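Reader: Hi! I'm new to this one and would love a friendly tour. Could you put it up on the screen?
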Amino acid sequence: MIQSRYLFVSRAGKVIKIARPKDHKHKSVPQLAGEEVLEVILYYRNKDRKPHKLLMVEFDRFHLDSDGNYKQTEEDRKRAIHNFLFFGMADLHEGIEVEDKPLPIPVAPIIPTTAEKKSLYDYINEKLPSFSDDAPYVVESKIKAAKEKYEEFKSMAKKSNKLSK
């Protein structure tokens with residue numbers, strides 16, 4: 001069975017396991033109040049009801065309010081699906097259909113800093129040792145894929161801009 005674990009990583013390198021958000025609303029994390037955090041979602045497979053194999057990782061970044069709360073806004077939702085809406089159905093090889101305006105600039109991927117990755121790996125080594133071997137590969141693969149996709153979207157936007165002139 002595939003499970004998920006949610007973590008917040010602070011700029012200071014503190015990693016806190018959090019409950020899964022309900023209706024896009026996270027539980028309060030008072031010890032990180034007022035901070036910008038990296039949200040890490042670990043997707044993994046269980047074996048004998050224990051975390052066994054890390055499958056995938058996702059990242060998001062946002063600011064917690066003075067009480068340590070974060071609630072996803074409509075603007076956050078739009079940012080999250082921006083690239084899919086504008087670039088998800090386009091294909092570079094088939095060409096870009098030019099409407100009355102060029103494609104917008106794509107939203108850059110959320111990439112953890114070196115310090116955030118180190119904190120994440122330290123947490124995994126301590127709390128989820130069964131993921132230790134796979135974690136660097138899974139995280140770096142996610143980062144590489146996100147960067148490549150972003151470059152592809154930028155190229156599509158540039159091409160669409162040239163075609164619309």
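Reader: Thanks! How many helices and strands are there in the protein chain?

Author: The protein chain has three helices and four strands. Keep in mind as we go that this is a predicted model.

Reader: Got it. What pattern do they follow along the sequence?

Author: Reading along the sequence, you get β-β-β-β-α-α-α. As for dimensions, the C-alpha trace spans about 55 × 35 × 30 Å along its principal axes.

Reader: Since it's predicted, what is the mean pLDDT of the chain?

Author: The mean pLDDT is 87, and 90% of the residues reach 70 or more.

Reader: And which elements have the lowest and the highest mean pLDDT?

Author: Helix α1, residues 74–87, has the lowest mean at 79, while α2 has the highest at 97. As a rule, where pLDDT is low, the predicted coordinates should not be read in detail.

Reader: Good to know. Let's look at the strands: in what order do they sit in the sheet?

Author: The order is β2-β1-β3-β4, in an open sheet with antiparallel pairing. β2 (15–18) and β4 (50–63) stand at the edges with a single partner strand each, so one side of each has no neighbour in the sheet. On average, neighbouring strands are turned by 30° against each other, ignoring direction.

Reader: How many bridges are there between β1 and β2?

Author: Four bridges join β2 to strand β1, which covers residues 2–10, and the two pair in the antiparallel sense. For a spot to look at, find Val 9, which stands opposite Val 15 in β2.

Reader: Found it. What about Ile 18, is that buried or exposed?

Author: Ile 18, which lies in strand β2, counts as buried because its relative accessibility is 11%, and the cut-off is under 20%.

Reader: Which residues does Ile 18 touch?

Author: Leaving out residues up to four places away in sequence, Ile 18 touches Tyr 6, Leu 7, Phe 8, His 26 and Val 29. Take Phe 8 from that list: Phe 8 and Ile 18 are 10 residues apart along the chain, and their C-alpha atoms are separated by 7.0 Å.

Reader: Nice. Switching to the helices, where does α2 lie relative to the strands?

Author: Helix α2 lies across β1, β2, β3 (36–47) and β4, and it runs at about 130° to β1.

Reader: What span should α2 have, given its 14 residues?

Author: At 1.5 Å a residue, the 14 residues of α2 (114–127) should span 20 Å, and the C-alpha atoms at its ends are indeed 20 Å apart, so the two agree.

Reader: Which residues of α2 are buried?

Author: The buried ones are Glu 116, Lys 117, Ser 119, Leu 120, Tyr 121, Tyr 123 and Ile 124. It helps to remember that an α-helix has 3.6 residues a turn, so residues three or four places apart point the same way.

Reader: A lysine on that list! Why does Lys 117 count as buried?

Author: Its relative accessibility is 16%, so Lys 117 falls under the 20% cut-off. The side chain of Lys 117 makes a polar contact of 2.9 Å with the side chain of Glu 140. Beyond four places in sequence, Lys 117 touches Pro 112, Val 139, Glu 140 and Ile 143.

Reader: And Glu 116, which side chain makes a polar contact with that one?

Author: That would be Arg 61, at 2.8 Å. Arg 61 sits in strand β4 and is buried, with a relative accessible area of 18%. A polar atom of the Arg 61 side chain also lies 3.3 Å from the backbone oxygen of Ile 111. Other residues that Arg 61 touches include Arg 11, Glu 36 and Arg 79.

Reader: One more place: where is Ser 132?

Author: Ser 132 lies in the loop between α2 and α3 (135–163). Setting aside neighbours within four places in sequence, Ser 132 is in contact with Ile 124 and Asn 125. A polar contact of 2.7 Å joins the side chains of Ser 132 and Asn 125.

Reader: Last one, about the whole chain: what share of the residues is buried?

Author: Of the 165 residues, 34% are buried. And among contacts with a separation of 6 or more, 66% are between residues 24 or more positions apart.

Definitions and conventions: Residues are numbered from 1 along each chain as its sequence is written. This is a predicted model: local features need pLDDT of at least 70, side-chain atom pairs count only at pLDDT 80 or more; totals for chains, interfaces and linings use all residues. Side-chain values use heavy atoms; hydrogens and water are left out. The expected span of a helix is 1.5 Å times one less than its number of residues. Buried means under 20% relative accessible area, exposed over 50%, partly exposed in between (1.4 Å probe, protein chains only). pLDDT is the predictor's confidence in each residue, from 0 to 100. Two strands pair if DSSP finds at least two bridges between them. Axes are lines fitted to C-alpha atoms, for helices over the stretch in contact, and angles run from 0 to 180 degrees between N-to-C directions. Contact means heavy atoms within 4.5 Å. A polar contact is a pair of N or O atoms within 3.5 Å; within protein, one must be able to donate a hydrogen and the other to accept it, and residues adjacent in sequence count only if both atoms are side-chain atoms.
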